[in-house]
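Got the viewer open? Let's take a short walk through this chain, starting at one residue and then zooming out.

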Amino acid sequence: DTIIISKTGELSFQNHNDFDIVIHLLTNGQQERTAEVAAGGVSVLYQIEEAAEYTVGCHADVEEGTEIKLMVYDGENADTFSAE
C-alpha cells in the first residue's frame with residue numbers, strides 16, 4: 001500500500017509485469033475504485049480528486065511472494081511496457 005496525491009485529476013497505472021494485475025484505489029470518505037491492467041499495459045483513472053491522499057494497492061493471480069512491478073503517473077503520461 002502506497003499513498004499518492006494527484007495534481008491533475010488523472011492517474012495512469014503502468015503494469016511492468018508479464019501477468020495481469022488489479023489495482024485498488026482508496027481515499028477517506030469515498031468508494032474504492034479499481035482498474036484491471038493487462039500484462040505490459042496501461043490503465044488511466046479519470047475524475048480523481050485533486051490534492052486528496054489515495055492509497056494504492058494491487059494484486060494478481062500469481063504465486064505468493066511474486067514481486068508486482070507497477071508505475072503510477074499523475075496524468076496520462078504512461079506508455080505500454082514490454083518485458084521482452
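Start by selecting threonine 27, which sits in the loop between β3 (21-26) and β4 (33-37). Keep in mind that you're looking at a predicted model.

Now turn on the surface. Is threonine 27 buried or exposed? Its relative accessible area is 14%, and since anything under 20% counts as buried, threonine 27 is buried.

Next, add Ala52, Glu53 and Tyr54 to your selection. Setting aside neighbours within four places in sequence, these are the residues that threonine 27 is in contact with. Zoom in on glutamate 53 and find its backbone oxygen: a polar atom of the threonine 27 side chain lies 2.9 Å from that oxygen.

Time to zoom out. Switch to a cartoon view and select the whole chain. How many helices and strands are there? You'll find 0 helices and 7 strands, so going from the N terminus you just read β-β-β-β-β-β-β. The radius of gyration is 13 Å, close to the 12 Å that the globule rule gives for 84 residues, so the chain is as compact as a globular protein of that length.

Rotate the C-alpha trace: along its principal axes it spans about 35 × 25 × 15 Å. Then try colouring by burial, where buried residues make up 33% of the 84 in the chain. With the surface back on, the accessible area comes to about 5500 Å², and 41% of that belongs to carbon and sulfur atoms.

Last stop: show the contacts between residues at least 6 apart in sequence. Of these, 72% join residues at least 24 apart.

Technical notes. Residues numbered from 1 in each chain as written. Predicted model: local features only at pLDDT ≥ 70, side-chain atom pairs only at ≥ 80, totals over all residues. Heavy atoms only, no water. Helix = DSSP H or I, 4+ residues; strand = E, 2+ residues; numbered from the N terminus. Rg over C-alpha atoms; globule rule 2.2 N^0.38 Å. Buried < 20%, exposed > 50% of the residue type's maximum accessible area, 1.4 Å probe, protein only. Contact = heavy atoms within 4.5 Å. Areas by Shrake-Rupley, 256 points an atom, 1.4 Å probe, with all protein chains shown as cover. Polar contact = N/O pair within 3.5 Å; in protein donor to acceptor, adjacent residues only side chain to side chain.
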